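Here's a quick tour of how the inside of this protein is packed. Have the model open and follow along.

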Amino acid sequence: MSSFLSHPPIHQRMPNLEAVIFDMGGVFVPTRRLYNLYSAMSLYARSLGSVKQNPIDYLKTVHRLMHTLMLGQCIEEFSGGFAQETGIKVDDIRPHLLASYEGISCLDPHMVLVVNLLKAKGIKIGLLSDTIRPHAVLFEERGLYGLFKPNVFLSCDYSAVKPDPYFFDAILLHFEMQGVECIQRDGRFTSKVGSAENVAFVDDNKEFVEAFVARYGGHGVIHRSAGRTRESLLSLLED
C-alpha cells in the first residue's frame, strides 16, 4: 500500500500538479538487492583461495565500492580497487554486475499506464535513479528509459545519489519549476529557493521521499503498488 506525504498538509495542497519525478528500481522494475547479494557471495565462494577478507568485511567492501560506481566511477577503476581490496581478480567484472538485471526487458506495464495517463493530462514526467553505468547502458540498449526521455537523470551522470539535494535540484532546475532559482557553488548548481509545491516524487524508499517533501514542500508518494500510486497521484489533480 502506497503512503502519501504532502507539505503543506493535504487539505492545503495546490491542485495544479505540474510534474512527477519517478524512481526506477522498485517502481518500474523489481529491486535486485537480494540477487545482488547472492551474486556477490557466489563470486566470493568461487575465489576462496585468493580472497583477503572474511564474508562480512567483503560485503562491506562491495557495498562501498558499488556506491562509488553509482557516483560515476569508471569500471576500470572499480575493477582495480575491487581486486586490490578483496584479492578477487576477474577478467571482466561487468557480467557479475549485470547478472541481476539480465532478465529485465520491459517496465511494469501498470506503471507505464500511470505515466501515460499523467502525460495525457499535460504533466511533466522525469526519472531520478541511483544506478551504475553498466546498468544504465543495459537499460538504454533495451529502451527502458524511453518513457521518460528527455528527462532522465542518473546518479552516475551527476556524481550524486538520493537524497543529495544537488541531485534533486538538477532535475527541478531542468524542469524550470517556479520558485527554484539557480546558483553555482564549487562548480555545482543548486537551488536558491528550493520550492517545488506542484511537483510529486515517487520512490519505494521512504527516506528519499521524506527528504524531498521536507526540502521542497512538494508531494511524496512511497510506492508500494501501481494502483495505490495511481490513486495518490490522481488525487493531486482533483479540484
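## Ground rules

A residue counts as buried here when its relative accessible area is under 20%. By that cut-off Phe28 is buried, because its relative accessible area is 2%. Keep in mind that this is a predicted model.

## The main core

Nonpolar side chains in soluble globular proteins tend to be buried together. In this model, the largest nonpolar core has 34 residues. Val20, Phe22, Met24, Phe28, Phe148 and Leu233 have the most contacts inside that core. Strands E2 (19-22), E3 (124-129), E4 (152-154) and E7 (199-203) each supply at least two of its residues, and so do helices H5 (109-120), H6 (133-141) and H10 (226-235). H5 gives the largest share, four residues.

Want one residue to click on? Try Phe22: leaving aside neighbours within four places in sequence, its contacts include Val27, Phe28, Met111, Val115, Leu118, Phe148, Val202 and Leu233. There's also a second, separate core of 21 residues, with Phe153, Phe175, Val199 and Tyr216 among them.

## Rings meeting rings

How many aromatic pairs are there? The count comes to 14. One of them is Phe28 with Phe148, an edge-to-face pair at 5.0 Å centre to centre, with 85° between the planes. Phe28 sits in the loop between E2 and helix H1 (33-45), while Phe148 is in the loop between H6 and E4, so the pair ties together parts 120 residues apart in sequence. Like its partner, Phe148 is buried, with a relative accessible area of 1%.

Phe78 and Phe82 make a stacked pair, because their ring planes are at 15° and their centres 6.0 Å apart. Both belong to helix H3 (residues 75-86), where being four residues apart separates them by about one helical turn. An α-helix has 3.6 residues a turn, so residues three or four places apart point the same way. Phe78 and Phe82 are both buried, and ring pairs link them with Tyr44 and Tyr58 into a cluster.

## A mostly covered helix

Now over to helix H8 (residues 165-175), which is mostly covered, with eight of its eleven residues buried. The buried set is Tyr166, Phe167, Phe168, Asp169, Ala170, Ile171, Leu172 and Phe175. Phe175 is the residue you've already met in the second core.

What happens at the start of H8? There, a side-chain oxygen of Asp164 reaches to within 2.9 Å of the backbone nitrogen of Tyr166. After H8 comes Glu176, with a positive phi near 55°.

Methods: Residues are numbered from 1 along each chain as its sequence is written. This is a predicted model: local features need pLDDT of at least 70, side-chain atom pairs count only at pLDDT 80 or more; totals for chains, interfaces and linings use all residues. Side-chain values use heavy atoms; hydrogens and water are left out. A nonpolar core is a set of buried Ala, Val, Leu, Ile, Met, Phe, Trp, Tyr and Cys residues joined through side-chain atoms within 4.5 Å. Buried means under 20% relative accessible area, exposed over 50%, partly exposed in between (1.4 Å probe, protein chains only). Contact means heavy atoms within 4.5 Å. A polar contact is a pair of N or O atoms within 3.5 Å; within protein, one must be able to donate a hydrogen and the other to accept it, and residues adjacent in sequence count only if both atoms are side-chain atoms. Rings of Phe, Tyr and Trp (its six-membered ring) pair if their centres lie within 6.5 Å; planes under 30 degrees apart count as stacked, over 60 as edge-to-face and the rest as tilted.
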